[in-house]
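Biologist: I am new to this structure and would like a close look at a single part. Please take one helix and walk me through its side chains.

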Amino acid sequence: MVVGAFPMAKLLYLGIRQVSKPLANRIKEAARRSEFFKTYVCLPPAQLYHWVEMRTKMRIMGFRGTVIKPLNEEAAAELGAELLGEATIFIVGGGCLVLEYWRHQTQQRHKEEEQRAAWDALRDEVGHLALALEALQAQVQAASSQSALEELRAELQEVRAQLCAPDPPPACHAASSSKK
């Protein structure tokens with residue numbers, strides 16, 4: 001999904017935001033033409049926005065108890081259509097941000113799961129290597145005790161050779177080794 005260093009998802013989100021602007025313009029036009037839309041959707045938010053804006057401006061300028069006159073219907077419809085268009089663009093942009101955040105969190109979770117699986121695999125491998133090491137150490141100890149036994153036999157033969165004593169027959173050798 002990534003082409004070079006530019007994620008395709010971001011390009012898609014940018015395209016969706018660009019498409020939302022003409023959509024907002026269509027909504028504005030529909031709001032201007034439809035009486036129902038104008039009366040119930042555009043006018044109330046526009047009048048509220050006008051009231052809050054004027055009240056804030058009057059308080060900043062120092063006029064406290066001033067009565068604010070509502071906008072005429074045509075200006076309120078225009079302002080309401082603009083607010084609706086801007087709200088549409090804002091909602092689409094916010095939706096894109098939420099989708100990008102969700103996608104990033106999913107990728108992060110997937111990456112953490114892969115790291116955890118790799119960590120578990122390494123831990124299992126270390127455990128298997130520890131068991132193999134113990135087995136090899138046991139074999140080395142067994143081999144070293146056998147080689148020590150062979151060295152003792154070689155020394156015994158050297159001592160016999162020095163004493164010029166003939167080697168005992170193999171039957172005696174087997175009997176003497178069974179006595180040990």
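Modeller: Helices here are DSSP runs of H or I with at least four residues, numbered from the N terminus. The model is a predicted one. Let us take helix α2, which covers residues 35-61.

Some setting comes before the detail. The protein has 4 helices and 2 strands. Along the sequence they follow the pattern β-β-α-α-α-α. Of its 180 residues, 13% count as buried.

Start with the pair Glu-35 and Lys-38. Both lie in helix α2, 3 residues apart, which is about one turn of the helix. Their side chains meet in a salt bridge, at 3.5 Å from N to O. Side chains of opposite charge can pair when their charged atoms come close. How buried or exposed are the two partners? Glu-35 has 48% relative accessibility, so it counts as partly exposed. Lys-38 has a relative accessible area of 15%, so it is buried. The cut-off behind that word is under 20%.

Next comes His-50, also in helix α2. Its relative accessible area is 13%, so His-50 is buried. What does His-50 touch, leaving aside its neighbours within four places in sequence? The contacts are Ile-68, Lys-69, Pro-70 and Leu-71. Lys-69 deserves a second look. A polar atom of the His-50 side chain lies 3.1 Å from the backbone oxygen of Lys-69.

Now take Glu-53 and Lys-57. This pair sits in helix α2 too, 4 residues apart, again about one turn of the helix. A salt bridge joins their side chains, at 3.5 Å from N to O. Glu-53 has 30% relative accessibility and counts as partly exposed. Lys-57, at 43%, counts as partly exposed as well.

The structure holds 5 salt bridges. One of them lies in another helix, α3, and makes a useful comparison. Glu-100 and Arg-103 are 3 residues apart there, so about one helical turn separates them. Their closest N and O atoms are 2.7 Å apart. Both Glu-100 and Arg-103 are buried.

To recap helix α2: one salt bridge pairs Glu-35 with Lys-38, and another pairs Glu-53 with Lys-57. His-50 is buried, and its side chain has a polar atom 3.1 Å from the backbone oxygen of Lys-69.

How values were computed:
Residues are numbered from 1 along each chain as its sequence is written. This is a predicted model: local features need pLDDT of at least 70, side-chain atom pairs count only at pLDDT 80 or more; totals for chains, interfaces and linings use all residues. Side-chain values use heavy atoms; hydrogens and water are left out. Buried means under 20% relative accessible area, exposed over 50%, partly exposed in between (1.4 Å probe, protein chains only). A polar contact is a pair of N or O atoms within 3.5 Å; within protein, one must be able to donate a hydrogen and the other to accept it, and residues adjacent in sequence count only if both atoms are side-chain atoms. Contact means heavy atoms within 4.5 Å. A salt bridge is a side-chain nitrogen of Lys or Arg within 4 Å of a carboxyl oxygen of Asp or Glu.
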